[in-house]
Amino acid sequence: FAESWALACGTHTRTLSMSFMFGVRAARLSLRCPTGPASRPSSMGHSLRCYSSRPSRFGNKKRTQVLEQEPEAARGGDWVSQSQVKEAPPTAAGAPATFPSYEQRQQQAGSQYESLSDGVVAHMRRVYATLATGIGISAAASVTAMATPLGLVHPLIPGLGAMVPLLGLMYTSKHTHSQTLRAGLFAAFTGLSGWAMAPLLLVALKVSPAIVPQALAITTGLFGTMTALSLFAKPGSMLRLGVPLGAGMLMLLGCGVAGMFVPVTSAWYPLLHSINLYGGLGIFTLYIAYDTQNMINEYEMGEDDHLKHAVDLFINFKVIFQRVLLLLMGRSDD
């Protein structure tokens, strides 16, 4: 039961984090454009315009006519706009007059590493420094639990307790809440996550003392490899994995919950265990590349919360470490 809980805990945490992020993005889109797909580009080739869902004092028909005639009035009656159009620098032959599309920007740009700005690099350094701090707090909590009677506590208790600071961190913002409070929530989440891993680490150390350092080295190597892969890939190419990875998360969630209640003697237990173990290792390894490019994309869109980005990467690191540890333990038993 403890092994199944260790496999399912990271899946539950990741699913909770994903559901919150999807809700935040949907709320932001609804605030930006209340009418959804009713927005359309203007004839001048500028940015998209959102039409308000509130009734206009001119009436719907007259309001639409006024908005459609605005560019013509600007070109015909305003001498400032005429001079700006005349003084605009000529574009190259065959070049589009409007802003390039997402596909055109992908074709023009090289790798994600070449397109990094100074602000993105500074943000990534802050995220990885926060991630390293969280891993250190988690390791200290695990060692403390193993050296004290806290290691005898069932991992379900600190595992569920870690959800509380995670929810507090996700439902707070750096613009509305104290940074000290949010840093404390991050420390509490990583500390409780390390406490929940203490029983698994105790068993691994009894099997072989070299298993834990080996698992840590392999996890760090996988993390660095996938991070480098995402940086040398095309900008936004890893974001296409979002939907398949989300479907894989739902599959892991179902297998993890079922594995907690299926008896070990059942014929379904080895299948569920293998799907959760190997499938989770592959999915969360790909999530490192996805979260790296997603962190860069969100920063460019204005989301510079380094704590939330560090939480996503910490969950990936923790789940991969757990699965690598279980694989090494199984090999040592053989």
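What share of the contacts in the protein with a separation of 6 or more comes from residues 24 or more positions apart? The figure is 84%. Keep it in mind while going through this predicted model.

**Whole chain.** Show the protein as a cartoon. Its secondary structure comes to 13 helices and 2 strands. Of its 334 residues, 39% count as buried.

**Stop 1: helix α5.** Select residues 118-147, which form helix α5. This helix has 30 residues and runs 44 Å from its first C-alpha to its last, close to the 44 Å expected at 1.5 Å a residue. Colour its buried residues next: V120, H123, M124, V127, T130, L131, G134, S138, A141, S142 and A145.

**Stop 2: α5 against α12.** Add helix α12, residues 268-300. The two helices pack at an angle of about 130°, and their axes are 10 Å apart. An angle between 115 and 145 degrees falls in the oblique class, so α5 and α12 are oblique to each other. Their crossing is right-handed. To see the contact, show side chains for G119, V120, H123, M124, V127 and Y128 on α5, and for T292, M295, I296, Y299 and E300 on α12. By class, this contact has 7 nonpolar, 3 polar and 1 charged residues. Among the α5 residues here, V120, H123, M124 and V127 are also on the buried list of that helix.

**Stop 3: I135.** Stay on helix α5 and pick I135. Is I135 buried or partly exposed? At 24% relative accessibility, I135 counts as partly exposed, because the buried class ends at 20%. Leaving aside neighbours within four places in sequence, I135 is in contact with F314 and F317. Draw a C-alpha distance from I135 to F314: the two are 7.3 Å apart in space and 179 residues apart in sequence.

**Stop 4: A310.** Move to helix α13, residues 306-333, and select A310. Its relative accessibility is 0%, so A310 counts as buried. Which residues does A310 touch, apart from neighbours within four places in sequence? They are V127, T130, L131 and F186. Of these, V127, T130 and L131 are among the buried residues of α5. A distance from the C-alpha of A310 to that of D291 gives 9.7 Å, for a pair 19 residues apart along the chain.

**Stop 5: α7 and α8.** F186, just met as a contact of A310, also takes part in the contact between α7 and α8. Select helix α7, residues 163-170, together with helix α8, residues 179-196. Their axes are 8 Å apart and the packing angle is about 150°. Angles over 145 degrees count as roughly antiparallel, and α7 and α8 are therefore roughly antiparallel to each other. The crossing is left-handed. Side chains to show are P165, L166, G168 and L169 on α7, with R182, L185, F186, A188, F189 and L192 on α8. This contact has 8 nonpolar, 1 polar and 1 charged residues.

**Stop 6: L205.** Finish in helix α9, residues 198-207, at L205. This residue is partly exposed, with a relative accessible area of 35%. Not counting residues up to four places away in sequence, L205 touches M146 and V212. M146 falls within the 118-147 range of α5. A last C-alpha distance, from L205 to M329, comes to 9.4 Å, with their positions 124 residues apart in sequence.

Definitions and conventions: Residues numbered from 1 in each chain as written. Predicted model: local features only at pLDDT ≥ 70, side-chain atom pairs only at ≥ 80, totals over all residues. Heavy atoms only, no water. Axes fitted to C-alpha atoms, helices over the stretch in contact; angles between N-to-C directions. Helix = DSSP H or I, 4+ residues; strand = E, 2+ residues; numbered from the N terminus. Parallel < 35°, antiparallel > 145°, perpendicular 65-115°, else oblique. Left-handed = near helix turned anticlockwise from the far one by under 90°. Contact = heavy atoms within 4.5 Å. Nonpolar A, V, L, I, M, F, W, Y, C, P; charged D, E, K, R; others polar. Expected span 1.5 Å × (residues − 1). Buried < 20%, exposed > 50% of the residue type's maximum accessible area, 1.4 Å probe, protein only.
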